[in-house]
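Reader: I am new to this structure and should like to look closely at a single part of it. Could you take one pair of residues as the starting point and then describe, in a connected account, what lies around it and elsewhere in the chain?

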Amino acid sequence: HAPPTDPPRLLRHTLAYDPLRRRVVAFGGTLFDQDGGSTMSDRTWEYDGRRWEERVLPVRPAARLGAVMAFDPDRGQVVLFGGNSDGGLLADVWTYDGVGWTELSTTGTPPPVTANGRVLVHDPRGHRLVLIGGLAVDDAWALVGARWQPLPAVGLPARVAAVEPSSGRVVAFGSVDSLGPMQGAALVGDAWERLQDGPAGY
């Protein structure tokens, strides 16, 4: 069955799953209207497995596309970082607890803003969020509490990342181009270890 209420047509929005509340949270993106026009969205949507619901919240992040989100079990909240707004590239951090959005005042050296795709994933070993540059950017940063800390470069243009359940390692994958082999690296402590290359193409 299709949900009775669907979000509008969106592009480059961001999603994260909140296991405490059993909800998929969606935010932002490019919103298309019936006439073919588009605007950036600052709307928050939740999906409970049966239907979508828009959360109309007075305080929320600015409209944007290309942001990244991940659930942080240490906070018990979804965390959003960055994106691209009408005013330019963003490097702000927001948390969402199902009731409302709160902007997080961070310390340390923030990651540089970039228009390229990025990946945000929770590192259960380090009890931190790891932000990995995408496409041509291979930098990596850790958000520990509210403090940004640089990590060594991944050494490959990571496009996706996930946690390996058996080891708890953060594993990043990417490829220089669509015809090259899939490359991977695993975060061990504060160092990246290259994995054996996978098949070409994706």
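Author: Both Phe81 and Trp148 are buried (under 20% relative accessible area with a 1.4 Å probe and protein chains only; exposed is over 50%, partly exposed in between). The model is predicted: local features need pLDDT of at least 70 and side-chain atom pairs pLDDT 80 or more, while totals for chains, interfaces and linings use all residues. Residues are numbered from 1 along each chain as its sequence is written, and side-chain values use heavy atoms, without hydrogens and water.

Phe81 and Trp148 also belong to the lining of the largest cavity, together with Val79, Val93, Leu120, Leu129 and Leu143. A cavity is a set of points on a 1 Å grid over the protein atoms alone where a 1.4 Å probe fits but cannot get out, and a lining residue has an atom within 4 Å of a point. The structure holds 1 cavity of 30 Å³ or more, and the space in the largest cavity is about 30 Å³, counted as the space filled by probe spheres on points joined across faces, edges and corners. Its lining consists of 7 nonpolar residues, with no polar and no charged ones (Ala, Val, Leu, Ile, Met, Phe, Trp, Tyr, Cys and Pro are nonpolar, Asp, Glu, Lys and Arg charged, the others, Gly among them, polar).

The aromatic rings deserve attention next. Rings of Phe, Tyr and Trp (its six-membered ring) pair if their centres lie within 6.5 Å; planes under 30 degrees apart are stacked, over 60 edge-to-face and the rest tilted. By this rule there are 4 aromatic pairs. In one of them, Tyr47 and Trp52, the ring centres are 5.0 Å apart and the planes meet at 35°, so the pair is tilted. Tyr47 is partly exposed, its relative accessible area being 23%, whereas Trp52 counts as buried at 17% relative accessibility. The rings of Phe81 and Trp148 have centres 5.4 Å apart and planes at 70°, so this pair is edge-to-face. This pair links distant parts of the chain: Phe81 is in strand E9 (residues 77-85) and Trp148 in strand E16 (residues 147-151), 67 residues apart. Elsewhere, Phe27, Tyr96 and Trp101 form one aromatic cluster.

The strands just named belong to a chain with 0 helices and 20 strands (DSSP runs numbered from the N terminus, at least four residues of H or I for a helix and at least two of E for a strand). Of the 202 residues in the protein chain, 42% are buried. Among contacts with a separation of 6 or more, 41% join residues 24 or more positions apart, a contact being heavy atoms within 4.5 Å.

Besides the cavity there is the largest pocket, with about 150 Å³ of space; a pocket is an open set with protein on both sides within 12 Å along at least five of seven lines. Ala70, Phe71, Val119, Leu120, Val121, His122, Pro124, Ala161, Ala162 and Val163 form its lining. Leu120 is thus named in the lining of the largest cavity and in that of the largest pocket. Strand E8 (68-72), E13 and strand E17 (158-163) each supply at least two residues to the pocket lining, and E13 provides the largest share, 4 residues. By class this lining has 9 nonpolar residues, 1 polar and no charged.

Strand E17 also contains Val160, which is partly exposed at 48% relative accessibility. Leaving aside residues up to four places away in sequence, Val160 touches Val119, Val171, Ala172 and Phe173. The C-alpha atoms of Val160 and Gly174, 14 residues apart along the chain, are separated by 6.7 Å. Arg169 lies in the loop between E17 and strand E18 (170-174) and counts as buried at 18% relative accessibility. With the same residues in sequence left out, Arg169 touches Arg125, Ala162, Val163, Glu164, Ala186, Leu187, Val188 and Leu195.

Two other loops hold residues with a positive phi. Arg22 sits in the loop between strand E2 (14-18) and strand E3 (23-27); its phi is near 55°, a positive value in a residue other than glycine. Arg22 is exposed, with a relative accessible area of 61%. His127 is in the loop between strand E13 (118-123) and strand E14 (128-133), and its phi, near 50°, is likewise positive in a residue other than glycine.
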